[in-house]
Amino acid sequence: MLHDRLLVLPETDSAERQTSAGLVIPATAVGPKKLAWGGVVAVGENVRRVEVGDRVLFDPDERAEVDLAGKDYVLLRERDVHGVFEQPAAGERTGLYL
């Protein structure tokens with residue numbers, strides 16, 4: 001990878017969902033998502049905050065897709081990543097802190 005580029009394998013959700021009203025939405029009826037999660041497979045030499053193996057949040061509309069060995073990957077710039085998932089340490093609670 002060159003410069004500030006990331007190669008990301010997007011996560012696919014093939015399960016059914018159920019709305020709060022109780023309606024079941026099959027996996028085939030899922031519409032476009034606003035943001036998507038993916039796992040970082042490779043990073044460029046100038047990437048500072050993301051590492052291989054991190055789980056990142058990105059906008060699926062602002063991406064370039066590439067097919068490598070039969071898998072669809074996404075090519076992003078580091079600045080296009082909206083967030084990096086971090087596992088809470090043992091004993092820590094998650095939530096919104098103001």
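Eleven residues make up the largest nonpolar core of this predicted model: Leu6, Val8, Ala36, Val40, Val47, Val50, Val56, Phe58, Val74, Leu76 and Val81. If you want to see which strands feed this core, look at β1, β4 (36-43), β5 (55-58) and β7 (71-77), each of which supplies at least two of its residues. Val8 is a good place to put your cursor. Leaving out residues up to four places away in sequence, Val8 touches Gly38, Gly39, Val40, Val56, Phe58, Tyr73, Val74 and Leu76. Among these neighbours, Val40, Val56, Phe58, Val74 and Leu76 are also listed in the core.

Now zoom out to the whole chain. It has eight strands and zero helices, so reading along the sequence gives the pattern β-β-β-β-β-β-β-β. Of the 98 residues, 22% are buried. Among contacts with a separation of 6 or more, 62% join residues 24 or more positions apart. The accessible surface of the chain comes to about 7700 Å², and carbon and sulfur atoms account for 50% of that area.

Next, the aromatic rings. A search of the whole structure turns up one aromatic pair. Its partners are Trp37 and Phe85, arranged edge-to-face with 6.2 Å from centre to centre and 90° between the planes. Trp37 belongs to strand β4, while Phe85 sits in the segment after β8 (81-84), so the pair ties together parts that are 48 residues apart in sequence. Both partners are partly exposed: Trp37 has a relative accessible area of 29%, and Phe85 has one of 36%. Arg55 joins this arrangement too. It lies over the face of Trp37, at 4.5 Å from the ring centre, and its charged end also sits over the ring of Phe85, 5.3 Å from the centre of that ring.

From here, move to the segment before β1 (5-10), where you will find Asp4. Is this acidic side chain's residue buried or exposed? With a relative accessible area of 18%, Asp4 falls under the 20% cut-off and therefore counts as buried. Its side chain makes a polar contact of 3.4 Å with the side chain of Arg77. Setting aside residues up to four places away in sequence, Asp4 touches Asn46, Val47, Leu76, Arg77 and Glu78. Two of those names, Val47 and Leu76, appear in the nonpolar core as well.

Val52 offers another view, this time in the loop between β4 and β5. Although Val52 is a valine, its relative accessible area is 54%, which makes it exposed. Val52 and Ala42 are ten residues apart in sequence, yet their C-alpha atoms are 5.6 Å apart in space. Apart from neighbours within four places in sequence, Val52 is in contact with Val40, Val41, Ala42 and Val43.

Finally, a look at the backbone. Most residues other than glycine have a negative phi. Against that background, His3 has a positive phi of about 50°. His3 is in the segment before β1 and is partly exposed, with a relative accessible area of 46%. Ala69 also has a positive phi, near 55°. You can find Ala69 in the loop between β6 (64-68) and β7, where it is exposed, with a relative accessible area of 86%.

Key:
Residues are numbered from 1 along each chain as its sequence is written. This is a predicted model: local features need pLDDT of at least 70, side-chain atom pairs count only at pLDDT 80 or more; totals for chains, interfaces and linings use all residues. Side-chain values use heavy atoms; hydrogens and water are left out. Helices (H or I, at least four residues) and strands (E, at least two) are DSSP runs, numbered from the N terminus. Buried means under 20% relative accessible area, exposed over 50%, partly exposed in between (1.4 Å probe, protein chains only). A polar contact is a pair of N or O atoms within 3.5 Å; within protein, one must be able to donate a hydrogen and the other to accept it, and residues adjacent in sequence count only if both atoms are side-chain atoms. Contact means heavy atoms within 4.5 Å. A nonpolar core is a set of buried Ala, Val, Leu, Ile, Met, Phe, Trp, Tyr and Cys residues joined through side-chain atoms within 4.5 Å. Rings of Phe, Tyr and Trp (its six-membered ring) pair if their centres lie within 6.5 Å; planes under 30 degrees apart count as stacked, over 60 as edge-to-face and the rest as tilted. A charge sits over a ring if NZ of Lys or CZ of Arg is within 6 Å of the ring centre and within 35 degrees of the ring normal. Accessible areas come from the Shrake-Rupley method with a 1.4 Å probe; for residues, only the protein chains shown count as cover.
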